[in-house]
Every structure is written in structure tokens, then in C-alpha cells.
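Good morning, everyone. Please have the structure open while I talk. I will go through the DNA and then the helices.

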Amino acid sequence: MIAPDLLYQRLRAHYGPQDDWWPGQSAFEIMLGAILVQRTRWHNAEQALARLRAERALTPAALVAWEPARLSAAIRPAGFAATKARRLQALAQWLLDQGGTAALADRPTPALRAALLARPGIGEETADAMLLYAFRRPVVVIDAYARRILGRLGHPQANARYGVLQQALVAALMPGSAAAAGAQRRLADLHALIVTHAQRHCRVGPRCSGCPLQAGCVHAGGQAELTDRAVGARAGGVPALPG
DNA sequence: ACCCAGGGTCATA
DNA sequence: TATGACCATGGG
């Protein structure tokens, strides 16, 4: 397993800086995107977001005023529309109660994180994405991409509980100071690089040709170009012919 | 036609 | 604590 810090350096050297990568013109829009993108491609989430933008619904006050059925229909491209509509309106109502995103700016990160986690439909990953991109806090976001990449690189805790893996990365990436200057920018860059790398190379069916992390990766080498399905078939997944 | 996608929640064992 | 089912649309 290469050190997470070296992982970051290699990805950055290969893909270049991805800074300020999460789309959205406001903290609220970023938070909406974090919910809409759950288990969904960004392309679909953006379609839903674009419809809300066209209807000028990208404010908490506007969003809570919508009929749930109307909101659900508008965000249908993002999938799980009924569920996500409920989550968006719950978030919007909460923000109104709090006095808007600006009123949360001086809340300490742990307290803000706990408050976000108490909202329906906001789990650890979504909360951390909101903290990192909407509230500009230096937070490590753990997503399925990070687990997949780290797992293939042989990280011992790639499949550990969220907080365990997160702490391991914090310790490895930011020895000493999570409050160091530029930490937020660096961690946003890292998350963006992980997403980009997982989509270009470290997919479910890995595309190792041209991968910048081949050194030290268990997928480097001969079977690199095989898809998971092909690997499974070769391993004995093909049933014997009857007769 | 099948698989996958920038999760979260709830019910079981 | 840890799996499994469910939520659902759209692109490769």
C-alpha cells in the first residue's frame, strides 16, 4: 500500500489540480447537489438541479413552498425522487429555522456535522461532502470510489467503518494540523481526484492501461484489462455443458 | 439486456 | 455489529 499522501501526489501529477470542483453557485445549491447525487451519476443530479434552477427554486424559502409532488416530479432524473424530495424539503426547512447557511458559518465543525447527521437522508458521506464544499471545512470525504481505490491498493482498512477509515486517512494526510492553511483546498482536490480516477481507470471493471497508480496495485499486471465478468468466468463461473 | 452510479434507512439475525 | 432489501432513473 502506497502512502495516502503519495497517492494524492501521483493523482495530482497525472490529472492536474481539480480545485473548486464541486458544482454549485451557493452553499445551498451545493447541499442540494450532495443529496441529489446519492447513488446517482452527477449528470442525472445536474439535470434535476437545472430544473430547479429554471424554476428559481434554489433557495430554502422557495423550495419549502413547493408541493411535494411537484418537487418529486422536477427531480425525477436524479432517481429516488420521492425520497430525495422529502430530504430536500427537510433540509430547506431546517436551514430556514437556523437562519440560513450563513448563520451556521461560525459553528464548530463537529457540532455542525452532528447537526447535519440529524437531518433525514444525510449520512456520514453526505454530511462530510457538505462540510467540505458548502462550508469549506477541512474534512476527508469517504465514498465508494475511495474505498475501491484504496482496497485495490491494499489499504488494510479500505472496508472498515466510515470513521475508522476516515481517521486513518486524516492521520496519514495531515500529520499534526488539520487546521493548516490550505487543508480544505487540498482535501477538496483529493476527493475530486479520487472521483476522476475511479471514473477513468479504477472502475468496477478496472481499466489499468495508462493508470498512474499501477506501481503497488494488486490489479497491475497481466489481468489488468480483464473485466470483472471475464475474471469471474475464467475463475469457473461458466457452468459445464449438460449432457 | 445487463450493469452501474459521488448513499441512507429500515428490518432482521 | 452486520448483512440484505428497498428506493428508481438514465447511460454505457
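**Around the DNA**

Start with DNA strand B. It is surrounded by 23 residues. The closest are Trp22, Gly123, Thr126, Tyr145 and Arg148. One caution before I go on: this is a predicted model.

Which part of DNA strand B comes within 4 Å of the protein? Sugar and phosphate account for 70% of those atoms.

Now some individual contacts. Take Thr126. An N or O atom in the side chain of Thr126 sits 2.8 Å from a phosphate oxygen of DNA strand B. Next, Glu125. Here a polar side-chain atom lies 3.4 Å from a sugar or linking oxygen of DNA strand B. Then Arg41. Its side chain has an N or O atom 3.2 Å from a base oxygen of DNA strand B. So, in that short list, we have a phosphate oxygen for Thr126, a sugar or linking oxygen for Glu125, and a base oxygen for Arg41.

Which elements give two or more residues to this surface? They are α8 (124-134), α9 (144-152) and α11 (183-200). Please remember α11. By residue type, the surface near DNA strand B has 10 nonpolar, 6 polar and 7 charged residues.

Over to DNA strand C. The residues around this strand are Arg41, His43, Asn44, Arg76, Pro77, Gly79, Phe80, Ala81, Ala82 and Thr83. You have met Arg41 already, with its side chain by a base oxygen of DNA strand B.

How much of the nearby part of DNA strand C is sugar or phosphate? Of the strand's atoms within 4 Å of the protein, 49% are sugar or phosphate. The rest belong to bases.

Again, some contacts. Look at the protein backbone this time. Phe80 has a backbone N or O atom 3.1 Å from a sugar or linking oxygen of DNA strand C. A polar backbone atom of Ala81 is 3.4 Å from a phosphate oxygen of the strand. For Thr83, a polar backbone atom is 3.5 Å from a phosphate oxygen.

Two elements give two or more residues to the surface near DNA strand C: α3 (42-54) and α6 (81-98). Which one gives the most? That is α6, with 3 residues. The surface divides into 4 nonpolar, 4 polar and 2 charged residues.

**How the helices pack**

Now the helices. Two packed helices are described by the angle between their axes and the distance between the axes. I have three pairs for you.

Pair one is α2 with α3. Helix α2 covers residues 27-36. The two axes are 9 Å apart, at an angle of about 135 degrees. The pair is therefore oblique. The crossing of α2 and α3 is right-handed. From α2, the contact takes in Glu29, Leu32, Gly33 and Leu36. They meet Trp42, Ala45, Ala48, Leu49, Leu52 and Arg53 of α3. That contact counts 7 nonpolar, 1 polar and 2 charged residues.

Pair two is α2 with α6. Their axes come within 10 Å and cross at roughly 150 degrees. Parallel or antiparallel? These two helices are therefore roughly antiparallel. Their crossing is right-handed. Phe28, Met31, Leu32, Ile35 and Leu36 of α2 meet Lys84, Arg87, Leu88, Leu91, Ala92 and Leu95 of α6. What types are they? There are 9 nonpolar, no polar and 2 charged residues. Notice Leu32 and Leu36 of α2. They meet α6 here, and they meet α3 in pair one.

Pair three is α1 with α11. Helix α1 covers residues 4-15. The angle is about 70 degrees and the axes are 10 Å apart. The two are therefore roughly perpendicular. Is this crossing left-handed or right-handed? It is left-handed. From α1, the contact uses Asp5, Tyr8, Leu11, Arg12 and Tyr15. From α11, it uses Arg186, Asp189, Leu190, Leu193, Ile194, Thr196, His197 and Arg200. In this contact, 6 residues are nonpolar, 2 polar and 5 charged.

**Putting it together**

Let me link the two halves. Helix α11 packs with α1, and α11 is among the elements at the surface near DNA strand B. Helices α3 and α6 give residues to the surface near DNA strand C. Helix α2 meets α3, and α2 also meets α6. Thank you.

Terms used:
Residues numbered from 1 in each chain as written. Chains lettered and ligands numbered in written order. Predicted model: local features only at pLDDT ≥ 70, side-chain atom pairs only at ≥ 80, totals over all residues. Heavy atoms only, no water. Near = heavy atom within 4 Å. Polar contact = N/O pair within 3.5 Å; in protein donor to acceptor, adjacent residues only side chain to side chain. Helix = DSSP H or I, 4+ residues; strand = E, 2+ residues; numbered from the N terminus. Nonpolar A, V, L, I, M, F, W, Y, C, P; charged D, E, K, R; others polar. Axes fitted to C-alpha atoms, helices over the stretch in contact; angles between N-to-C directions. Parallel < 35°, antiparallel > 145°, perpendicular 65-115°, else oblique. Left-handed = near helix turned anticlockwise from the far one by under 90°. Contact = heavy atoms within 4.5 Å.
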